[in-house]
Amino acid sequence: MDALTAYKKHLAETAKLSSAQALLNWDQQTHMPRKALAFRSQVSGALSKMIFERSVSDELGRYLEELEKRENLTDEERGSVHRVGKNYRRRKAVPPEFVEEVAIARSSAQAAWAEAKEASDYSLFEPHLEKMVGYARRLADYIGYEDHPYDTLLEDYEPGMTCAELRGIIEPLRQELLPFLERLLRDGAKPESSPFVGSFDIDVQRRLAHRALEVIGYDFAAGGLDDVVHPFTITIGTGDVRVTNRYVENHLGPGLFAALHEGGHALYNQGMRESLLPLGLSRGASNGIHESQSRLIENQIGRSRPFWTFFQPVLAEYFPQFSSVAPDALHAAANIVSPSLIRVEADEVTYNFHIMLRFEIEMGLLDGSIAVTDLPSLWNETIERYLGVVPPDDAQGCLQDVHWSMGAFGYFPSYMLGNLYAAQLLTAIRKEIPTLDDQVASGDFGTLLAWLRREVHDVGAIYEPKELIERITGETLDPSHFIAYVSEKYSEIYKL
Ligand code: ZN
């Protein structure tokens with residue numbers, strides 16, 4: 001068999017195993033009975049092992065070696081060989097004993113983190129974090145890097161991005177947004193109360209989330225909506241991209257905006273061309289690009305004035321008390337800027353500061369310029385400097401995220417990059433669809449979706465983020481689009 005045919009066959013088989021794995025994972029977080037956990041973990045573990053072994057097999061190595069020499073590959077095939085090959089070499093560089101050692105340490109680090117967060121006692125987590133940082137450094141050493149150990153960790157989430165580039169992106173963002181935030185909080189007209197706060201039947205909220213997903217173009221014949229504790233979107237396979245959500249009785253915001261957010265992720269996955277699945281490319285170009293799709297739908301569309309012009313009467317169908325609330329009041333309530341201690345609750349203006357804080361700390365931990373023991377005080381000082389808030393305890397400070405206990409260093413910047421990519425994409429969208437606002441205001445999301453399908457969704461992970469964003473917008477990632485978006489939008493809402 002020709003190497004290319006054999007390579008595709010190999011990846012197609014792996015994709016089937018991954019599909020089974022994803023279905024088990026989805027089930028575990030939605031419907032699985034509690035007592036099934038022990039055996040389910042064994043089944044998932046067995047599948048993970050099979051998938052991992054296929055990703056580092058000698059067979060795959062031989063195909064890659066031959067295909068990397070070929071010049072007549074299509075864009076899809078070249079993208080696949082590039083990504084799969086990179087992944088193959090990164091995994092091969094790490095000794096299996098190390099992987100096992102980290103997996104064991106990760107389990108106890110996660111347990112210790114949960115306990116430390118519960119008791120708000122950093123000392124319970126500190127020795128585990130010390131270990132996880134050590135592992136992250138060793139991982140970087142095994143795989144290798146040119147400039148900073150953090151670069152190689154970033155690669156898992158944002159291929160091609162480096163520490164130095166991130167610094168160059170963050171600096172102007174900080175310099176522009178910090179004084180803007182200060183001015184907004186000092187001189188801005190803050191909405192007095194939010195119509196989203198009250199008492200809202202969960203079942204009706206669920207139906208509203210369903211409607212919101214339909215509105216943006218999510219295909220329920222190729223997915224579904226289920227309840228969970230932490231919302232996520234998961235691709236089970238071709239024609240099966242599922243959304244999960246959660247609802248809060250006394251606030252309409254979390255359930256509605258999470259549905260739009262996850263809906264944005266889901267549109268991306270539903271829009272990828274079918275031929276990408278057996279090439280290992282049926283996923284986002286990067287975590288940051290994936291996040292751009294969710295932020296674009298949730299924030300730049302879902303929190304825009306035209307959206308609320310359209311959505312106010314829709315909302316009133318579900319909760320009649322909104323029939324007398326002006327769209328403008330809903331728009332303002334959807335955009336309340338309020339510096340908070342917790343990243344996941346942050347608004348568009350303050351969100352990126354939460355990421356800057358984590359990025360600085362992660363870099364420092366990795367290169368040794370920050371000691372694990374200094375983390376709580378450093379965290380508190382930095383968040384006060386950025387947002388003027390001081391955590392009353394470490395549970396609301398440096399213990400709030402699960403990521404570090406999992407050894408996931410390098411993940412956080414994706415959240416910020418998602419905002420920046422989304423703003424840059426929106427600039428491009430507005431150029432090509434000058435009537436976007438009118439369309440959204442009349443509930444027509446078809447042209448927008450068609451654009452996203454064509455430019456972003458269809459090509460999945462064929463191109464790395466840098467190449468993708470340049471192909472679409474004609475320029476490299478530039479934070480000025482986000483700065484302009486935020487300043488214009490919030491100057492208007494806050495009457496600055
Ligand atoms: Zn997301």
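Colleague: How many residue pairs are in polar contact between domain 1 and domain 2?
Modeller: This is a predicted model, and the chain is divided into domain 1 (3-157) and domain 2 (163-493). Counting pairs with both residues at pLDDT 80 or more, the number in polar contact between domain 1 and domain 2 is 24.

Colleague: Which helix supplies the largest share of the side of domain 1 that touches domain 2?
Modeller: At least two residues of that side come from each of H1, helix H4 (75-92), helix H5 (96-119), helix H6 (122-143) and helix H7 (149-154). The largest share is 11 residues, and the helix that supplies them is H1.

Colleague: Which three residues supply 20% of the area that domain 1 buries against domain 2?
Modeller: Between them, domain 1 and domain 2 bury about 4,400 Å², with 62% of it on carbon and sulfur atoms. On the side of domain 1, 20% of the buried area, more than from any other three residues, comes from Arg 83, Tyr 150 and Tyr 157.

Colleague: Why is one side of strand S1 and of strand S2 left without a neighbour in the sheet?
Modeller: The sheet is open, with 3 strands in the order S1-S3-S2 and mixed pairing. Strand S1 (223-227) and strand S2 (233-237) therefore each lack a neighbour on one side, because they stand at the edges, each with a single partner strand.

Colleague: Which residue of S3 is the bridge partner of Gly 224?
Modeller: S1 and strand S3 (residues 240-245) run parallel and are joined by 5 bridges. Within S3, the bridge partner of Gly 224 is Arg 242.

How values were computed
Residues are numbered from 1 along each chain as its sequence is written. This is a predicted model: local features need pLDDT of at least 70, side-chain atom pairs count only at pLDDT 80 or more; totals for chains, interfaces and linings use all residues. Side-chain values use heavy atoms; hydrogens and water are left out. Two strands pair if DSSP finds at least two bridges between them. Helices (H or I, at least four residues) and strands (E, at least two) are DSSP runs, numbered from the N terminus. Domain bounds come from an automatic or database domain assignment. Buried area is the accessible area (1.4 Å probe) that two parts lose on being put together, summed over both. A polar contact is a pair of N or O atoms within 3.5 Å; within protein, one must be able to donate a hydrogen and the other to accept it, and residues adjacent in sequence count only if both atoms are side-chain atoms.
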